[in-house]
Amino acid sequence: MVYSLKFDTSTGDWDFSDRRGRVVTGVDKLRQMLAMWVSETKNVDRFHQGYGSELNNMIGMPHTRDMQQRIENEIRTVCDRYIEYINQDFTRNPTHYTRDEIPLQVLTIQSWWEDGTRSFGAWGDAIHVTVYVKTMTGSVEGLEVTV
């Protein structure tokens, strides 16, 4: 099994509190990986063309119905790319994963601006997102990330 080190997406720091790094697996790993894929800028990793999103270009934009749709479409696109990538790797290397780390489907996406309003016409400097995915175990897991 391959493990991932714990990464705090809000600060951009790896957790080395025990000097070796904290290991994350299972649902925690799924949440961490999805958060990284959604919050990183698209094309930041030249070896993984599908990694990252365009959300950073949407910060500070007026919260219109069109912008709401663009945000949620971008998140769905990134999550779908992640699901495809992980499922392909799982097929090749099933021992590297636990079943609760494998997302199968995005169920629902919600987004709103930093000021907390879900109403249209608001302005914000950060986008808050909640994504619910169904995993290989059949559970529904929620991911919350701020970009």
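In the predicted model, Tyr82 is found in helix α2. With a relative accessible area of 3%, Tyr82 falls under the 20% limit and is therefore buried. Once neighbours within four places in sequence are set aside, the residues in contact with Tyr82 are Leu30, Met33, Leu34, Trp37 and Pro103. For one of these partners, Leu34, the C-alpha atom lies 7.3 Å from that of Tyr82, although the two residues are 48 positions apart in sequence.

Tyr82 also takes part in the packing of the two helices. Helix α1 spans residues 26-39 and helix α2 spans residues 65-92. Their axes come within 9 Å and cross at roughly 130°. This angle lies outside the ranges that count as roughly parallel, perpendicular or antiparallel, so α1 and α2 are oblique to each other. The crossing of α1 and α2 is right-handed. On the side of α1, the contact is formed by Leu30, Met33, Leu34, Trp37 and Val38, and on the side of α2 by Val78, Cys79, Arg81, Tyr82 and Tyr85. By residue class, the contact of α1 with α2 comprises nine nonpolar residues and one charged residue, with no polar residue.

The two helices are accompanied by seven strands. Along the sequence, these elements follow the pattern β-β-β-β-α-α-β-β-β. The protein has 147 residues, of which 39% are buried. Among contacts with a separation of 6 or more, 51% join residues that are 24 or more positions apart.

Two loop positions were examined next. Asn43 is found in the loop between α1 and α2. The phi angle of Asn43 is near 70°, a positive value in a residue other than glycine. The relative accessibility of Asn43 is 49%, which lies between the limits of 20% and 50%, and Asn43 therefore counts as partly exposed.

Ile102, by contrast, is placed in the loop between α2 and β5, the latter covering residues 103-113. The relative accessibility of Ile102 is 0%, so this residue counts as buried. Apart from neighbours within four places in sequence, Ile102 is in contact with Ile86, Asn87, Phe90, Tyr97, Lys134, Thr135 and Met136. Of these partners, Phe90 is 12 residues from Ile102 along the chain, and the C-alpha atoms of the pair are separated by 7.9 Å.

Two glutamates in strand β7 were also considered. Strand β7 covers residues 140-146 and contains Glu141. Glu141 has a relative accessibility of 14%, under the 20% limit, and therefore counts as buried. The side chain of Glu141 is joined to that of Ser139 by a polar contact of 3.0 Å. Beyond neighbours within four places in sequence, Glu141 is in contact with Val27, Arg31, Val131, Tyr132, Val133 and Thr135. Thr135 is also among the residues in contact with Ile102.

Glu144 is likewise found in strand β7. The relative accessibility of Glu144 is 65%, over the 50% limit, so Glu144 counts as exposed. Setting aside neighbours within four places in sequence, Glu144 is in contact with Val129 and Thr130. The C-alpha atom of Glu144 is 9.9 Å from that of Gln32, a residue 112 positions away along the chain.

Terms used. Residues numbered from 1 in each chain as written. Predicted model: local features only at pLDDT ≥ 70, side-chain atom pairs only at ≥ 80, totals over all residues. Heavy atoms only, no water. Axes fitted to C-alpha atoms, helices over the stretch in contact; angles between N-to-C directions. Helix = DSSP H or I, 4+ residues; strand = E, 2+ residues; numbered from the N terminus. Parallel < 35°, antiparallel > 145°, perpendicular 65-115°, else oblique. Left-handed = near helix turned anticlockwise from the far one by under 90°. Contact = heavy atoms within 4.5 Å. Nonpolar A, V, L, I, M, F, W, Y, C, P; charged D, E, K, R; others polar. Buried < 20%, exposed > 50% of the residue type's maximum accessible area, 1.4 Å probe, protein only. Polar contact = N/O pair within 3.5 Å; in protein donor to acceptor, adjacent residues only side chain to side chain.
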